[in-house]
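Got your viewer open and a selection box ready? Let's take a short walk, one selection at a time.

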Amino acid sequence: MKRIPLLICLSLFCVSCSQVTILRTKELTAVRDSLSHEIAVLKKNIDEEMVREELHRVYVEITLKSMDEKLMQLSGNVTENLAKISEISKRTGLISTQMAEKARQDSLVATIKEQERLDLFSLAKSNYDKGNFSLAVNDFKDYIEKYPDSDDAKAALYWKAEASYAMNSLDNAKAFFQQYFKENRTEKFACAALYKLGLIFNKQSQVKNRDAMWDLLKKECPDSREAKLVIENQKK
C-alpha cells in the first residue's frame, strides 16, 4: 500500500518534468526563430549595404573614367588649338608685315603726289612772279583740273584771274574774278577780287558796274586796303 503514493508521486513528477521540457522547448524554438529572423534581417541589411557600396564604387569608377576621357579630349583640343593659334600668329605676322610694307609704300606714294601738287602750284606762281603770265594761266588751269578739292585750288583761281588781268585779257579776268568771289566770298582774296572787278569795269567804261563793285567792296570789306584805296580815289 505504501508503494502507491510513491508511484503516484513519481508519475506526477514525470508529468511535471515533461511539461517543463515542452515549455522549455517552445521557448528555445521561439528564441531560435527570433535569432534566425534577426540574422536574416542583418544579412539583408549587410547585403544591401554591400550592394550600395558596390554601386558607389562602380559609379566612382565610371565618373573617373569619364573625367579621364574628357581630360584627354581637352588635352587634344588644347594641342590642336595651340597649333591653330601658332598658324594664325604666323599668318597675322605675315599680314602685319605686308600691311606695314603697303602702308610704307602708300605713304611714299602720297608723299610723292603731295610734292608734285606743291611743285605744280609753285611753278605756276613762279611763272606769274616772273611775268610769264601766259604760262602762269595754263599752269594754274592745270592745277585746278588736277586738284580741284585742294585749298590751293581757290588761290590758283585767283592768280589765274590776276595773270589774265596782267595780259589785259579783261573778259577772262572778269569771269575768273567773278567766279572767285561767288565761290569764295569769305576767303583771303575776296576783297582784292572786288577791287579788280571795279578796275576792269572802269577800263571798259562801265561806270555803274564799277561803282556797284566798289560799293560792295566798301560794304563787305570796310577795313581792307582795297576799300581804302577806293575811298582815296573817290575823294580826288
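Here is a tour of a few helices and the cysteine pair that comes with them, in what is a predicted model.

**Stop 1: helix H3.** Select residues 152-166, which make up H3. With 15 residues at 1.5 Å each, this helix should span 21 Å, and its end C-alpha atoms are indeed 21 Å apart. Now switch on a surface: 12 of the 15 residues are buried, so H3 is largely enclosed by the rest of the structure. Among the buried ones are Tyr 158, Trp 159 and Tyr 165, and also the charged-name pair to click on, Lys 160 and Glu 162. Just after the helix, pick Asn 168, where phi turns positive at about 65 degrees.

**Stop 2: helix H5.** Next, select residues 190-203. The 14 residues of H5 should span 20 Å at 1.5 Å a residue, and the end C-alpha atoms agree, at 20 Å apart. This helix is mostly covered too, with 11 of its 14 residues buried. Colour the buried set and you'll pick up Ala 190, Leu 194, Tyr 195, Ile 200 and Phe 201, among others. What do the buried residues of H5 pack against? Show H3 again, then add H4 (170-183), H6 (207-220) and H7 (225-235): those are the four helices they pack against. Past the end of H5, click Ser 205, which has a positive phi near 60 degrees.

**Stop 3: the disulfide.** Stay on H5 and show Cys 191 as sticks together with Cys 221; a disulfide joins them, S to S 2.0 Å. Cys 191 sits in H5 and Cys 221 in the loop between H6 and H7, so the bond ties together parts that are 30 residues apart in sequence. Is the disulfide left-handed or right-handed? The torsion about the S-S bond is about -90 degrees, so it is left-handed. Both ends are tucked away: Cys 191 counts as buried at 17% relative accessibility, and Cys 221 is buried at 8%. Don't hunt for another one, as the count comes to 1 disulfide.

**Stop 4: Ser 224.** Finish in the loop between H6 and H7, where you'll find Ser 224. This serine is buried, with a relative accessible area of 11%. Show its neighbours and, leaving aside residues up to four places away in sequence, Ser 224 touches Cys 191 and Leu 217. That brings you back to the H5 end of the disulfide. Then check the distance from the Ser 224 side chain to Ala 227: a polar side-chain atom of the serine lies 3.1 Å from the backbone nitrogen of Ala 227.

Key: Residues numbered from 1 in each chain as written. Predicted model: local features only at pLDDT ≥ 70, side-chain atom pairs only at ≥ 80, totals over all residues. Heavy atoms only, no water. Helix = DSSP H or I, 4+ residues; strand = E, 2+ residues; numbered from the N terminus. Expected span 1.5 Å × (residues − 1). Buried < 20%, exposed > 50% of the residue type's maximum accessible area, 1.4 Å probe, protein only. Contact = heavy atoms within 4.5 Å. Polar contact = N/O pair within 3.5 Å; in protein donor to acceptor, adjacent residues only side chain to side chain. Disulfide = S-S within 2.5 Å.
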